[in-house]
Structures are given as C-alpha cells and as structure tokens.
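Me: I have a model open and want to go through it by question and answer. Please keep the replies short.

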Amino acid sequence: MDEIKVTLPDGSSQEHPAGVTPLEIAQSIGSRLAKDAVAAKINGEQVDITRPIHEDCDLEIITIDSDEGQEVLRHSTSHLMAQAVEQLYPDAKIAIGPPIEKGFYYDIDVDEPFSDEDLAKIEERMREIAEKDYDVKREEKSIEELIGLFDERNEDYKIEILEQIRDEEGDDSASVYWQGEFVDLCRGPHTPSTGWLKHFNLLNVAGAYWRGDENNQMLQRIYGTSWPSEKELQEHLEHLEEAKARDHRKLGKELDLFSFHKESPAAPFFHPKGAIIYNELVGHIRDLYKEYNYSEVITPQILDLDLWHRSGHYENYKENMYFTSQKGDEKEFAVKPMNCPTHTFIYASQKRSYRDLPLRIADFGRLHRYERTGATGGLTRVRSFAQDDAHIFCTIDQIEEEVVELVEIILNTYELFEFGDVEIEISTRPEKYIGEIETWDRAEDILEAALEHKGYEYNINEGDGAFYGPKIDFIVKDALDRDWQLGTVQLDFMMPERFDLTYTASSGDEERPVMVHRAVLGSLERFIGILLEHTAGELPLWLTPVQFSLLPITDDHHDYAYELKDKFFDAGIRVEVDARNEKVGAKIREAEVQKIPYMGIIGDREVENGTISLRQHTIGDVGALPVSEVLDKLLVKIEEKQMRINTKQEDQTV
RNA sequence: GCCACCAUAGCUCAGCUGGAAGAGCACCUCACUUGUAAUGAGGUGGUCGCGGGUUCGAUUCCUGCUGGUGGCUCCA
C-alpha cells in the first residue's frame with residue numbers, strides 16, 4: 001500500500017498508509033486529541049474526521065472546543081433538530097439549517113406554525129435521537145440521483161438547492177449526510193455520530209422568508225443553541241438572562257428616562273432625566289464642533305415636496321417619508337427624513353470660494369422616518385429622532401484629509417465611552433447608482449486609503465453603499481449581540497450636482513464641491529440605547545441625570561442638607577436631597593437602585609464637623625470628607641468624563 | 001409589511017377548565033427620628049388595551065383593530 005506524507009500545523013510530518021483517516025492520525029498523536037477531534041482540515045478544507053486521506057497533504061485536527069469545532073457541533077445539532085421535526089411532523093419540508101454564532105437554526109415549511117409546546121416536544125425527541133448515537137455518514141452522489149432521492153422524500157427545497165448547485169455553480173455531484181433514516185443535503189463536516197450532541201436547547205421560533213426574499217413563502221425558523229459542555233451551555237443561558245437585565249427599554253423605565261406611547265408609535269418621549277443625558281451628549285458633540293471648526297445651523301422641519309423631488313429623496317425614499325398638507329395652502333410639504341438638502345441652501349446662500357472650503361455645517365434637527373411596524377424597537381429603531389448630523393462641503397482633493405479626521409473623531413469618541421468592539425465597514429457601489437464609475441472607484445479608494453493609512457481594520461460590504469456614494473460605517477453590538485450602526489461617513493457627488501452647488505477655484509473656474517455626510521454618535525436615540533446597555537445603566541458621571549444624592553438621617557439634618565444642595569447646585573452639579581421620612585438604609589437602597597454615582601450621608605457628626613460622609617455606588621462607604629473636598633472631587637470627575645469603574649481601587653483614589 | 005407570542009392598578013406580576021378582580025412595590029395618611037441596600041399600621045387606586053361576536057353570564061372562548069416583544073424583510 002502507498003505511503004502518504006501528512007504535514008501537521010506545527011510543521012512536523014508523518015508517514016501513513018494511504019486511506020488513513022484524520023481520526024486515526026489523531027489517535028496516533030494522543031488519546032486526548034482523538035477524544036476531542038470532531039473534524040479535520042485537509043489542505044485548509046474542512047472534512048469529516050473519518051474521511052480517508054489518499055494523498056500527501058497538510059492536516060489540521062479540529063477539536064470540539066475550537067471555534068470551528070463548535071461550528072461543526074452546532075451544524076450537526078441543526079441536523080438533529082431537523083430529524084426530530086421530520087419524525088414528529090412527517091409532512092414538514094426542511095429548507096436550510098446553518099450554524100450561527102453561539103447556535104444554529106433550521107428553516108422548515110410546515111402547515112401549522114410551531115408552538116412553545118412543539119419546541120419542547122422536538123427538543124425531547126432530539127435527546128432521544130442523540131441517545132441512540134446514530135453514525136453520521138457522508139455520501140457523495142450525482143445531482144440527478146440526489147434530486148431523485150429528495151423527490152421521493154418530498155423535500156422540494158432541497159431539490160431547488162440542488163438545481164441551483166447544478167445550474168449556477170456547475171457542479172455535477174453533491175454530498176448528503178445520513179443519520180438513521182434521516183438524510184440532509186450538506187457539505188459537512190459533521191460530528192461522527194449523534195451522540196456528540198448533548199448540551200443544547202431550543203430557544204424560539206420565528207418566521208423567515210425562503211431565501212430571505214419577502215416575496216417568497218414564509219417558513220418557520222427554530223433557533224437553538226449548542227455547546228461542547230453543559231457548563232458552557234448554562235453560562236450562555238445565564239448570559240442571555242443578564243442581557244435582558246441590561247436591556248435599555250427596561251432601564252429606561254426603571255431609571256425614569258423615557259417612555260413610549262401608542263399615540264406616537266416608535267417615537268420616544270424623553271423624561272427630564274433622559275433629556276439630561278440627551279442634552280449632555282449634544283453638549284459634548286458641540287464641544288467637538290468648536291474644536292474641529294464646524295458651524296451649527298437650525299433648519300425647518302417641513303419642506304416643499306418639490307425640494308424632495310429635486311434631491312432625489314422622493315424617488316428613492318418616499319416609502320420612509322411623512323407628508324403633510326394644509327387646507328388653503330396649495331403646496332404639499334414633507335417632513336424631513338434627513339437634513340442634507342437644507343444644508344445645500346445654506347451653502348448656496350452666498351458665492352463660495354475655494355478659500356471657504358471645507359465648510360462644515362452641523363445640525364441636530366429632528367428627523368422623521370416612517371419605519372415598517374415590525375422594524376421598530378426601543379430606542380434603537382425609531383420614527384422620530386435626531387442625529388449629530390453634519391455635512392462637509394469640500395474639494396475632491398480635500399476628501400481624504402477630511403475622512404481621516406472624521407475617522408479619528410469617531411473612534412476617539414467611541415473610546416471615551418469605552419466601546420471595545422467597534423466594527424468598521426466600507427460599503428461600495430450598489431447596483432443602482434448614479435454618477436461615473438471612475439468617480440466611484442476613486443471615492444472608494446479614498447475611503448480605503450484613509451483607513452489604511454491609519455492602520456484600521458475594516459470589512460468591505462460590497463454593493464451596500466448609498467446610491468449617491470460609498471460610505472464607511474461604524475458598528476457596535478447591543479446587549480443581545482445585535483449589530484447597530486452608529487457613526488457613518490458618506491461621500492456624495494450627487495447632491496451638489498442636483499442643487500448646482502459651486503465654488504470658485506483658485507484658477508477662477510467654477511467647480512463642483514463634494515459633500516460628505518457624517519455622524520459620530522449617529523442617532524442620539526440609538527446611541528443612548530446602546531450606551532445604556534453598554535454601561536448597564538451606570539452612566540459616566542458627566543452624563544448621569546442625578547450625580548449626587550444627599551441623604552439626611554433625620555429631619556434635624558434637613559437644613560444642612562438643603563444648604564449643601566444649594567452649594568453643589570451652584571457649582572453645576574446635579575444634586576438631590578432625599579427628604580423622605582425613611583431610614584437612611586432605605587434612602588441608600590433607593591439611590592443604589594437608581595444607580596446614582598455618589599451619595600452624601602448627613603447626620604449629627606457631619607453637621608457638627610462641616611463634612612459629608614461619602615458613599616459611592618456599588619462600592620460603598622468612602623468615609624467622611626470636608627465639603628469642599630467632596631465638591632472638588634465631583635467637579636474633577638465630571639470634567640474628566642471618565643466611565644465609571646466599579647472596583648475597590650476607586651476608594652484608594654479618594 | 002410577514003410569521004409567532006404578549007397586553008390585568010403607576011411598576012412587576014398572580015388569577016385552574018367562563019360564575020361579583022388579587023399580591024408586592026410605588027403613592028397618600030398616621031406613628032416612629034432613624035448612621036451605609038427596604039420601619040410599622042392604615043388607605044386611595046383597575047371600562048382586565050379598544051371594538052365586535054358566542055353565552056343566562058366573558059378578564060377568561062372566537063374575531064377585527066391598536067400597541068409591544070422575538071425573528072424575517074428593510075435601515076441611523
């Protein structure tokens with residue numbers, strides 16, 4: 001028998017008879033490795049652990065706890081679920097069932113949607129099948145044979161996929177995986193048997209369109225999670241619970257920040273405390289505007305429909321716009337969904353020279369966009385909102401410098417809030433675009449160059465740009481791991497064209513400026529939602545609605561407390577006195593629950609000595625300090641704009 | 001918009017198969033004058049989201065609508 005040479009990731013190589021399997025090689029290396037080996041990679045391609053090797057190759061063993069191993073595990077769990085569903089509901093047709101981050105799903109066509117009880121039944125059946133420990137066997141066959149196989153089984157969706165593989169990818173064969181009576185079209189790899197699947201849970205059902213197209217049949221999607229160990233499964237379930245606790249909608253209610261009312265669906269009402277956060281954020285951005293030479297403007301809420309025709313919004317965006325009319329007024333108006341057209345008027349209100357550029361115009365104007373009912377939710381997707389919006393009018397040569405500066409501003413700002421996990425994405429020319437391809441290519445190059453010069457990592461989102469230009473988006477995750485776009489930098493060659501914007505170049509020629517749409521926080525509403533979840537409601541001192549709560553122990557201490565309140569208030573600190581007829585323990589509890597960063601306990605000792613007993617949120621008693629020291633400490637901390645750090649180290653800095 | 005689920009006091013939630021709406025917290029009153037995460041007693045408070053239907057009788061069953069939640073689609 002021929003010998004083949006297998007090279008391992010550490011560079012060492014081994015001789016084996018041809019036909020050896022990765023599992024056998026793993027066993028020769030060590031029993032521990034063989035036990036954890038769930039799949040393998042041959043020359044970089046994922047294969048089953050039992051796939052015979054016939055040629056020299058690079059081999060890597062995929063263990064169950066690696067990312068790739070868990071992916072295999074989750075994929076196999078989705079097959080297990082499909083098998084259980086087919087046993088329980090013989091008429092069900094299975095569509096697709098991939099692994100996803102931390103779990104899996106399977107899309108299934110059934111007459112009756114699944115209920116929670118069905119989920120429990122399916123999960124139970126899954127455990128039974130797993131117990132039986134069916135071998136998972138791969139089989140490669142011609143497309144025609146497989147179409148026959150799935151035709152017999154009435155699996156229409158599998159046939160459609162097979163036809164696509166044949167017609168679009170030009171393959172004439174494909175693989176299926178068998179476990180017991182169940183078979184699924186699949187590239188693999190899979191766990192060697194169903195017995196590997198032990199630590200899983202089905203989570204929820206949802207509707208999902210076949211192939212993600214809303215014109216297609218809606219299928220039932222069951223989501224589940226699956227892990228190498230019970231411990232990891234339990235940790236994940238706990239994580240999901242914790243995420244619920246820091247859901248911004250829950251915090252918004254508990255901390256009295258905002259509310260929603262059916263009279264204006266998906267439009268937040270910011271309460272006094274929420275408005276403080278909102279305005280502090282705006283204030284912070286205004287400070288940046290001073291530093292970076294922006295001019296803030298205020299523009300109208302409703303504008304003549306003609307304008308929106310001219311800007312292209314009516315044609316491209318009318319599904320998202322609100323319209324208004326008034327008896328006696330022959331004109332029709334639209335509520336602005338974006339600020340950009342209004343800024344072109346300000347640009348064009350005087351003759352511009354190259355010396356005026358870049359001209360940076362900022363606007364916190366309220367925007368209204370109609371969002372389909374199912375799309376809205378909490379503060380992250382609303383119909384009424386404001387952005388920290390600005391438009392930069394500049395020459396083509398100035399774009400790169402502006403973009404570099406913007407990326408810097410945006411990332412510095414996110415750093416202030418300690419968003420560790422920011423993804424940067426460049427979206428390129430979509431199918432529907434306007435302008436010249438050369439201009440697009442150049443613009444895309446500029447965006448890439450700007451990121452590369454600074455060494456930022458980014459992904460390319462092919463064809464996802466706006467119809468008027470490519471963009472860079474900045475994306476962070478919410479408590480439930482959903483991605484949300486915050487900041488954005490968008491190049492626009494169309495708007496200056498449509499509104500005939502010009503500037504006089506040094507040559508004396510009239511030239512067309514470029515417009516850069518940009519936002520740092522994005523929508524203030526969304527940003528507040530994400531920030532609340534990111535901080536679990538423990539906002540940094542400068543943003544927090546009540547910074548300091550004075551807690552007099554008895555009525556006798558009220559005068560001193562109010563005296564102090566005035567003193568702190570006059571210094572610009574948001575301070576409250578809890579004068580309720582309660583024990584100090586109850587007042588402390590209330591302040592802790594409200595996540596108020598600092599508490600000042602006022603009793604006989606403090607009145608006598610002119611001190612405040614300071615207590616810090618979640619950390620506890622800090623000790624008695626002279627009033628002026630407490631005041632200075634708070635002022636410094638507000639000025640520093642630091643995030644809250646809930647460690648014991650904090651009291652050492654007092 | 002689509003699929004599923006949810007809607008009971010200001011908040012969080014009970015309310016079995018249809019038979020006179022409940023708790024805790026909050027709020028108000030009174031007592032207590034309190035030292036680092038909930039003092040006690042009493043009290044106010046609900047068209048059971050809204051509209052139809054079934055029924056002798058509907059918070060409960062059916063149905064339409066509204067709003068919300070999880071997804072899908074779409075997007076800051």
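Me: How many residues surround RNA strand B, and which are the closest?
Reply: This is a predicted model: local features need pLDDT of at least 70, side-chain atom pairs count only at pLDDT 80 or more, and totals for chains, interfaces and linings use all residues. Residues are numbered from 1 along each chain as its sequence is written, chains are lettered from A and ligands numbered from 1 in the order written, and side-chain values use heavy atoms, without hydrogens and water. A residue is near the strand if one of its heavy atoms lies within 4 Å of it. RNA strand B is surrounded by 58 residues, and the closest are Y209, R526, N581, R589 and E606.

Me: What share of the RNA strand B atoms within 4 Å of the protein is sugar and phosphate?
Reply: Take the atoms of RNA strand B that come within 4 Å of the protein. Sugar and phosphate account for 50%.

Me: Which residue has a polar side-chain atom 3.2 Å from a base nitrogen of RNA strand B?
Reply: A sugar or linking oxygen of the strand is 3.1 Å from a side-chain N or O atom of Y223. G378 places a backbone N or O atom 3.2 Å from a phosphate oxygen. The base nitrogen is reached by R369.

Me: Why do α5 and α6 count as roughly antiparallel?
Reply: Helix α5 (residues 143-152) and helix α6 (residues 156-168) have axes that come within 9 Å. Axes are lines fitted to C-alpha atoms over the stretch in contact, with angles from 0 to 180 degrees between N-to-C directions. Angles over 145 degrees count as roughly antiparallel. The axes cross at roughly 170°.

Note on methods: Helix = DSSP H or I, 4+ residues; strand = E, 2+ residues; numbered from the N terminus. Polar contact = N/O pair within 3.5 Å; in protein donor to acceptor, adjacent residues only side chain to side chain.
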